[in-house]
Each structure stands twice: as C-alpha cells, then as structure tokens.
Amino acid sequence: MTFLTETLAWLLDPAHWVGAGGIPTRLAQHLLFTLVTLVVAAVIAVPIGFLIGHTGRGRGLAVAISGAFRAIPTLGLLTLVALWVGIGLNAPYVALTVLAIPPILAGAYTGFEAIDRKIIDAARAVGMSEMQIVLKVELPLGLPLLIGGLRSATLQVVATATLAAYIADFGLGRYLFEGLRIRDYGEMLGGSILVILLAIVLEGLFALAQKLVVPRGVTAGRPTDIPGGSSRSRPVMELTIEEGNSHVRNE
Amino acid sequence: MIEFHSVTKRFPDGTIAVDDFSLVVPSHKTTVFVGTSGSGKTTLLRMINRMVDPTSGSIDIDGADIGTLEPVKLRRSIGYVMQNSGLLPHRKVVDNVATVPMLRGMPRKKAREQALALLDTVGLDRSLAERYPSQLSGGQQQRVGVARGLAVNPNILLMDEPFGAVDPIVRAELQQELLRLQRELGKTVVFVTHDIDEAFLLGDQVVILRTGGKVAQVGSPAQILANPIDDFVSTFVGAERGKRSLHVENHGNGNIVVDETGRLAGVLVASQSTAATASGSESRAGPRGPGASVQGGDSR
Ligand SMILES: Nc1ncnc2c1ncn2[C@@H]1O[C@H](COP(=O)(O)OP(=O)(O)OP(=O)(O)O)[C@@H](O)[C@H]1O
Ligand SMILES: [Mg+2]
C-alpha cells in the first residue's frame, strides 16, 4: 500500500515533470530511441523479408538466423557491444536492433507467403513485372502481417529499451536503475508504470493501424454475405424452437 | 497464327508434361485443348505467354519466335483468363480491368473509361464497377476476368478452364456469351477445358490430348465426331455424355431422337423433310452440325 502511495506521490510531484531528468524528456528519449531502432531494424529486415516472401527462397535460413538472434540474451549482448564500442547509446541501439529484426522479418515474409499463389500467378500472367508484383500486389495484401511484425517488435523494444539506462543516462529505464540504487521504490514503480503505459498506447495504435491497412476488397463482401453474427444468434436462443428462424428475420 | 514446333516440356522433377508437340493454331479462330487432368493442357497454354518455357522446341507467334521476346512485354500483349478469375482482391472491378492498360502506360482516366465500356461488352452492369471481386458472384467474376483479358485489345486470348468453377446454367450462359463475343471480335482464342461438350461447342479446331501431352487427334468437332481416330478418342468423345450416335424413332405424332442405349435424347425439329429419313450413322453431328437440331435434352 505504501508502495502505491509513494508511486503516486512520485508520479504527481511537479518537480519530476520538468528539466533534463524530467518525465517528458525521458519519455521523448525513450520514444525516439524506440523509433530509431525500429526504423533501422525495418530498413534491414523488410527488404530481406520481402525477398524471401517473394521468391520463396531462404526461408529456412531466415528462421534459423532469427531463432539464433532471439536466443541471444539482450542484456548479455548489450554488455558485450558496450565493451566493444564503449559506454553510450551505440551499444543499446545495436542490441535492440538485433532484438527487433526477427519479428519484423517474420512479419514481412509471412505476409507475402499468406497470399493465395493464384493471385500472384495471375498478376504475373497478365504482365506485371516482378517489382510490380511486389509493390502492387504483395505489399498491399501482406501489409497487415508486416504491421503485426512491427507491432511485436515495438513492444519488445519499448520494454527492453529500459536497459539502455544500464549504460547510459537515458530513457525511462533511468528511473528503474536509479530507484533501485537509491532504494526509492516509488520512483522505480513510477518508471515501470510509465513504460507500461507507453507500451499500451503504442500497442493500441498498432492494433488500429493493423485494422486500417487491411485492403478494403479483402474485408468487403463478408458483412453483406453474412448478416451480423451476434445480433442473429442471440434472438435464436431466446425463441422457442417452434417459432423457427423465419421469425428472427422479421424482427 | 501460333505455331508449336516439336515442343517438349520436362519439369525439373522429371515429369514430361508435353512431349514433342507440334500444332498450328489458326488466327481468328478458337482452338480448344481438351483432355483429362494432367494431360498438359495448362502447360501448353502457358507456354504461349512464356509463363512456362519449353525444354526443347519453339513457339512462333505470327512468324516470330517468342523465345526471343521479353516475357513481361509479351504477356501484356496477350489476354489471359483463368479459372477462379484470378482478379486482384484489393482492387475494384473497374481497376482490375484497367490494370494492364495502365501498366502499358495508358492514363488512369482513359483506362477506367475503357474498362467501363468493356464491362458492357462482357454483359456486366456498370453499377458493379465500384465493387470488389469478393462482392461478385462466381459468374460475374468470370466475366470481369474476360473483360480484363480483352482490355489491351489483344490478338490472342488464352483461356484456362475459365468456366470450370460455375454452375451448369451460368456456364452455358457464359459459353454463349463467348461465342457471341468471338463472332464480334474474331480473336485467336486458345481455350483449355476437360469438358468435351464445351470443346465441341466452342472450338473451330479441337485438340484431344492424352496424358503426357501427346496429341490423340486434331480436327474440327464434326471431323472428330465422325471419324474418331482410335479407341481412346472414341471413348473420350463418348464417355462424357452417354453414347453420341443418335438415331431417330418415329412415334406417330413426332420424331424422337434416341441414343445408342435407347435413352431419350430429345425431339427432332425437322428443318428439312430429309432429316426424318436420316439413318443412325448419318445423324451423327456435332452441336454445330447442320440440319437437325435437338431440343429439350434429357427428358426422361
Ligand atoms: N511446375 C510443375 N512442376 C512439376 N510438374 C508439373 C508442374 N506443372 C505441371 N506439372 C505436371 O505436368 C503435367 C501436366 O500438367 P498440366 O497442369 O499442364 O495439366 P492439365 O492438363 O492442365 O491438367 P488439369 O486438367 O488438371 O488442369 C502433370 O502431370 C503435372 O503434374
Ligand atoms: Mg490445367
């Protein structure tokens, strides 16, 4: 209980909302760090994923490398890279990009692989070049799964970016490490809550984006074919059997 | 004119889909490849637009070896209609039809206008233009597929079982529509089917294939029906719809057409008095055969 009040007090203290170590600044750092990491990871992973998805080759290799990447403990990698390139932000950037690549890569190629081969074949048969097939057919149809990959990468990076503070004065993770050091549990918990809130907000945005990028023709047709499932099944249950389904339609 | 010169296709796994195949496909006529599943029909068709390249032999279009042409450019000059229409699900009907003309550089507005006109051509209401393929019936999708195939006004139209996935009534409608279109447009149509009735209805030239892409017989429907070259062809020609040798029986107030097994095939509508005297073997004729026409079909 005291943790909670301490946390609230810490979060609501106006002094923590200003200055270089203030919550807005650290939040912005955290966000920017996440964004840069994702962009770099996407620039690497998306073209490779598209290539794998389009050609159907190299999938086994990608799965193996992704698996290996995932198996690397991020803190270990962070320390290792830090020993190599020194203290600062470079090490977290490298470590988290490595973390973000596998889900984006998987999203990119599974998005392409999930497309009906007949559609691709028809596009080629009417005279689309390979590049046109990628950009005009595979990309729009595979986009929802790619966004899904970006979504899980974002979640991992936002959460794990707290580790950046382990070797740099940076981001929301600072509150955790600092709180731990000086035994200020209000600060620690407050920092965690901020990270969690950020993750939830980003998660919501991605969920929305994922819905929005589903091409219209792919969702179209279904609602008109099948009258709203829930509104139909409920009345059926309330009716007696003799009245039958014809009654339901008239309602 | 499309010429196959000793074309063989062996797939990497060793399957010989087409074996030493030679054929002349005349211009402005419909040539139908018919045969059982796996007889190499699709492979033959896809070699014409270089979706498949032959292992040996060559294919010429109007005297030019297509092996020397750039595949993407070649495909844009040939209409292609496939089973299940192959439309792009994320594009509206009108944009699907306008796709290839736009790839060839036609401005969007003009391509869409032309696409609307093509919907008229294939008998589709323009109100469907703004729908997505998933919002159309199978038959309507197939018509859009044909419209897309015609969009660049190609000389050659390749059709791979285009009516295979629709019900018999819609299929008959689409077949008639294709015959009408073909009368108006006179394309060089290469049509693939495993339905011998469809082959005889649509084909000026019918190519019956056996497994392994070997030609069993080539000819007009009437030629093949009258002189099946071997047992394989006569079985194939006869197997799909009972026996085809029909004869007339007089039942007092009308002439009834009966097949070999004594099953009623229809009523003879005599357009000339000699029809009634035709003997069993003489009344063998394809659906386009002259003289007698059979009405009513299966009335048992
Ligand atoms: N890409 C491929 N790789 C290996 N074998 C293939 C390939 N495509 C077709 N074949 C084989 O070649 C043969 C002919 O196939 P094709 O698709 O041309 O037959 P089809 O006459 O069109 O049959 P259907 O009526 O079933 O469509 C078959 O034995 C098939 O298994
Ligand atoms: Mg086929």
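Mentor: Before we start, buried means under 20% relative accessible area. Keep in mind that we're looking at a predicted model.

Trainee: Okay, how many of the 11 residues of helix H3 of chain B are buried?
Mentor: Helix H3 covers residues 93-103 of chain B. Its buried residues include Val93(B), Asp95(B), Asn96(B), Thr99(B) and Leu103(B). The helix is largely enclosed by the rest of the structure, because the buried count is 10 of the 11.

Trainee: Which helix of chain A helps cover the buried residues of H3(B)?
Mentor: Part of the cover comes from chain B, including helix H2 (71-76), helix H4 (108-121) and helix H5 (138-150). Chain A adds to that cover with helix H7 (130-160).

Trainee: And which residue with a positive phi follows H3(B)?
Mentor: Look just past the end of the helix, where phi is near 100°. The residue there is Gly105(B).

Trainee: Let's move to ligand 1. Which helix gives the largest share of its shell?
Mentor: The ligand is surrounded by 13 residues, with Ser37(B), Gly38(B), Lys41(B), Thr42(B) and Thr43(B) the closest. By type, the shell splits into two nonpolar, eight polar and three charged residues. The largest share is three residues, and they come from residues 41-48 of chain B, helix H1.

Trainee: What share of ligand 1's exposed area does the protein bury, and what polar pairs go with it?
Mentor: Start with the pairs: a polar backbone atom of Ser39(B) is 3.2 Å from a ligand oxygen, and a side-chain N or O atom of Lys41(B) is 2.7 Å from one. Thr42(B) also has a polar side-chain atom 2.6 Å from an oxygen of the ligand. Taken alone, ligand 1 exposes 630 Å², and the share buried by the protein is 61%.

Trainee: Is Gln175(B) buried or exposed?
Mentor: Gln175(B) sits in helix H6 of chain B, residues 168-185. Beyond its neighbours within four places in sequence, it contacts Phe163(B), Glu198(B), Leu201(B) and Leu202(B). Its relative accessibility is 9%, so Gln175(B) counts as buried.

Trainee: Which side chain makes a polar contact with that of Gln175(B)?
Mentor: The pair of side chains is joined at 2.7 Å. Gln175(B)'s partner is Glu198(B).

Trainee: Over to chain A. How many helices does it have?
Mentor: Walk along from the N terminus and the elements are α throughout. There are zero strands, and the helix count is 14.

Trainee: What percentage of residues 60-87 of chain A is helix?
Mentor: An unreviewed UniProt entry lists this span as a "transmembrane region", along with 30-53, 93-112, 157-177 and 189-209. For residues 30-53, the model gives 100% helix, with end C-alpha atoms 32 Å apart. In residues 60-87 the end C-alpha atoms are 36 Å apart, strand is 0% and helix is 86%.

Trainee: What share of chain B's exposed area do carbon and sulfur atoms supply?
Mentor: For chain A, about 13,600 Å² is exposed, with 70% from carbon and sulfur. Chain B exposes about 13,700 Å², and there the carbon and sulfur share is 50%.

Trainee: Last one: what percentage of chain B's residues count as buried?
Mentor: In chain A, buried residues make up 41% of 251. Chain B is built from nine helices and 14 strands. Of its 300 residues, the buried share is 49%.

Conventions
Residues numbered from 1 in each chain as written. Chains lettered and ligands numbered in written order. Predicted model: local features only at pLDDT ≥ 70, side-chain atom pairs only at ≥ 80, totals over all residues. Heavy atoms only, no water. UniProt positions renumbered as here; feature names shortened; annotations may be inferred. Helix = DSSP H or I, 4+ residues; strand = E, 2+ residues; numbered from the N terminus. Buried < 20%, exposed > 50% of the residue type's maximum accessible area, 1.4 Å probe, protein only. Areas by Shrake-Rupley, 256 points an atom, 1.4 Å probe, with all protein chains shown as cover. Near = heavy atom within 4 Å. Polar contact = N/O pair within 3.5 Å; in protein donor to acceptor, adjacent residues only side chain to side chain. Nonpolar A, V, L, I, M, F, W, Y, C, P; charged D, E, K, R; others polar. Contact = heavy atoms within 4.5 Å.
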